[in-house]
Structures are given as C-alpha cells and as structure tokens.
Amino acid sequence: MKNVGIIGLGRLGTALAVSLGRFGYTIRAVTRDAQPQTRTIGDLTVSVLPLERVVPESDALFIATPDGIIAQIAESLMNFDLNTKAVLHLSGSHSSSMLASLKERGACIGSLHPLQSFASVEQAISNLPGSYFTFEGDESLSGWVSSLVEKFGGILKILPSADSKTIYHAGAVIVSNYMVALAEMGVRCLRHSGFSEQEAQEALLPLMRGTLNNISRLPLGKALTGPISRGDIGVVASHLEVLARDLPDVKRPYCALAPVLADIARKEGKLSIEKYRELKRIIKG
Ligand SMILES: NC(=O)c1ccc[n+]([C@@H]2O[C@H](COP(=O)([O-])OP(=O)(O)OC[C@H]3O[C@@H](n4cnc5c(N)ncnc54)[C@H](OP(=O)(O)O)[C@@H]3O)[C@@H](O)[C@H]2O)c1
C-alpha cells in the first residue's frame, strides 16, 4: 500500500506526510478548504486535492483531523467504494469503532496512535522516529502497520481490544499533560519564594530532566527521592501548612498525589506502616 491519503494537514498530518514521503510513499492530502494546490513541506511536495480525488487514488487513508471531526469524515467516506482500502485515524482516546460503518463500504479499519506529544509540525517530524505506536483494529492491517512503524524505527504495541483505548489514553495524558500541570505548580511555588516566572521555569527544568533521567535508568520505586521516600512527615506537614496559606489550588493536587508516592515508598520498603498512616492522616487534614 504505497499510495497514502492524509485527511487534515495539521501538526501530526503534516509530519506524517513529510515522513511517509521520505520513506517513498506517494502522498495526497485533503485540507479543510479543499482547494487543489501543491504544498511544499520541507523537502516534500504534497498534492492537496478534494476528497473525491484522494480516496480513489489511495490504498490507505489517515484521518488526521481533530478527534471531534473524525465521525464527520467517516460519514463523508461512506460515499466512496473503499474495497481493499485501509482507513485509520490517529486518535489516542477513540477506538476504530468510530470507523465501523466504513466496513460496509469494504474498508479495513484501525486506529494508530503515536504515543508522543506534538506541539508543532517540526517537533512532530523529529519526535516520531523511535516512538511507541499503538494499533487497534482489523487484524488484516497489522502487517502493514507493523512495517510502517518499523520505518519510523518505532515500537508497535497492538492493543487487545477497542475497549482498552480510553484507559490507555488516560495513562498517556497523565504523563504528558499532567507533567505540564506539575511544572506550573512548581513555578507557582517558586514565584512565591522570589523567582520571576522565567527564572522559575528555567530553574525547574534541570530538576525535571534529572528526574526523567532517574526514571529512565531505574525502576520507579528507586527513582523516587524526597520527603515521602525518606519518611520525613514533618517536612510534608510544613509544605501543607504554607500551601494552605499561600497556594490552596496547589495544595489540593499535592495532597491528591501524595498517596501515590506513599504507595511507591511503602512498596519499596522506605516508609514504615506508622509513617504511611500518619501521612494519610495529615493529607486528609
Ligand atoms: N498533537 C499531538 O500531540 C497528537 C499526538 C498523538 C495523536 N494525535 C492525534 O492526531 C490527530 C490530529 O491531531 P493534531 O494535533 O495534528 O491536530 P491539529 O494540529 O489541530 O490538526 C488538525 C488538522 O485537521 C484539519 N481539519 C479540520 N477539519 C477538517 C476537515 N473537515 N477536512 C480536512 N482537514 C480538516 C485542520 O485544519 P484547520 O487548521 O483549517 O482547522 C488541521 O489542519 C488527532 O486525532 C489527535 O488526537 C495528536
């Protein structure tokens, strides 16, 4: 399947077009305004054509629009003969069942999700290689998807069922988006201690990278440092006191996450049962 149609040239759609073009696939794209044109993206020239042209000329179609538009695109694809074609979307939270109606038109369907965060096209092009990808959908597509992921030097994980997608995506959102929330909470604390916004962000980055390095080298239980891992409940109590006074909006998530850290520290044998109970008591506070 060498002819690939990409519907939606945003961050991921464009990065996919550039990367697949470099791998030797012929790319045709559909944009929202649907005006035929040639678009140059980096070293690649992509034909932007109406859906009526792209669908018949493609062996595989990627829907790379926002998640909320996927159902609408699937509905427009119902107007075409999709026999032997693959139709995939790239959403992490939705399963291939969003495309189920396309089976009536002969399509093989799936969802292929790169487990990455793409804030820009350039970043997506550089971050896609080596990423994990998850696939869920028709088994007949797994061979093709596997060879595609291999071209990215990526690692493919096939999810056992469509039902697994939401919890899988919750995990991805926690480590990616919530990391930004954690950075924001740290910045707010440092601002209160006299840092400027920029200084706070710059100062916290090496700490975040250091923690990531620890996580990349050690099991999570060994990567955990800080007062909870040392059983320093007095330090936690002092944090809670100043957060309640100065930053109550930061105190709430601090308390919400503390039991997760306590469980890790307990499992690692770093926290006695007495200190574990004491910690649980003060965070309920
Ligand atoms: N960004 C990430 O970190 C990431 C990671 C993994 C998976 N994904 C998934 O990848 C998919 C795309 O996300 P993204 O971040 O690349 O979104 P994006 O940057 O917002 O791009 C979406 C593109 O779809 C276009 N579009 C909207 N409606 C359309 C239509 N009816 N026909 C053709 N094009 C249309 C938009 O055009 P306009 O600009 O004109 O509206 C835009 O160019 C989503 O399913 C998302 O869940 C994203």
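# Briefing: salt bridges, ligand shell and selected residues

R28 is buried, with a relative accessible area of 16%; buried stands for under 20% relative accessible area, exposed for over 50%, and partly exposed for the range in between, computed with a 1.4 Å probe on protein chains only. The structure is a predicted model, in which local features need pLDDT of at least 70 and side-chain atom pairs count only at pLDDT 80 or more, whereas totals for chains, interfaces and linings use all residues. Residues are numbered from 1 along each chain as its sequence is written, and side-chain values use heavy atoms, with hydrogens and water left out. The topics below are the salt bridges, the surroundings of the ligand, the pairing of strands β1 and β2, and three individual residues.

**Salt bridges**

- The search of the whole structure returns 11 salt bridges, a salt bridge being a side-chain nitrogen of Lys or Arg within 4 Å of a carboxyl oxygen of Asp or Glu.
- One of them joins R28 to E57, with 2.8 Å between the closest N and O atoms.
- This pair connects distant parts of the chain, since R28 belongs to strand β2 (residues 26-30) and E57 to helix α2 (residues 51-57), 29 residues apart.
- Helices (H or I, at least four residues) and strands (E, at least two) are DSSP runs, numbered from the N terminus.
- E57, at 30% relative accessibility, is partly exposed.
- D138 and K103 form another salt bridge through their side chains, at 2.9 Å from N to O.
- D138 sits in the loop between β8 (132-137) and α5 (142-151) and K103 in the loop between β6 (86-89) and β7 (108-114), so their contact ties together parts that are 35 residues apart in sequence.
- Within this pair, D138 is buried at 15% relative accessibility, whereas K103 is partly exposed, with a relative accessible area of 43%.
- R230 and D232 also meet in a salt bridge through their side chains, at 3.7 Å from N to O.
- R230 counts as exposed at 54% relative accessibility, and D232 as partly exposed at 32%.
- R28, R53 and E57 are joined into one network by salt bridges that share partners.

**Surroundings of the ligand**

- The ligand is surrounded by 21 residues, of which R11, L12, R32, D67 and F118 are the closest; a residue is near a molecule or strand if one of its heavy atoms lies within 4 Å of it.
- By residue class, this shell comprises 10 nonpolar, eight polar and three charged residues.
- In that classification Ala, Val, Leu, Ile, Met, Phe, Trp, Tyr, Cys and Pro are nonpolar, Asp, Glu, Lys and Arg are charged, and the others, Gly among them, are polar.
- A polar backbone atom of L12 lies 2.8 Å from an oxygen atom of the ligand.
- For G10, a backbone N or O atom is 3.3 Å from a ligand oxygen atom.
- T65 likewise places a polar backbone atom 3.3 Å from an oxygen atom of the ligand.
- On its own the ligand has 900 Å² of accessible area, and the protein covers 75% of that area; accessible areas come from the Shrake-Rupley method with a 1.4 Å probe, and for residues only the protein chains shown count as cover.
- Helix α1 (11-22) and strand β7 are the elements that give two or more residues to the shell around the ligand.

**Strands β1 and β2**

- Strand β1 (residues 3-7) is largely enclosed by the rest of the structure, because four of its five residues are buried.
- β1 pairs with β2 in the parallel sense over five bridges; two strands pair if DSSP finds at least two bridges between them.
- In this pairing, G5 stands opposite R28 in β2.

**Individual residues**

- W144 is part of helix α5 and is buried, at 12% relative accessibility.
- Between W144 and G186 the C-alpha to C-alpha distance is 44 Å, with a sequence separation of 42 residues.
- N83 is located in the loop between α3 (70-77) and β6, and its 49% relative accessibility makes it partly exposed.
- N83 and T134 are 51 residues apart in sequence, and their C-alpha atoms are 24 Å apart in space.
- T84 is also in the loop between α3 and β6, and T84 is exposed at 64% relative accessibility.
- T84 has a phi near 70°, a positive value in a residue other than glycine.
- Most residues other than glycine have a negative phi.

Technical notes:
Polar contact = N/O pair within 3.5 Å; in protein donor to acceptor, adjacent residues only side chain to side chain.
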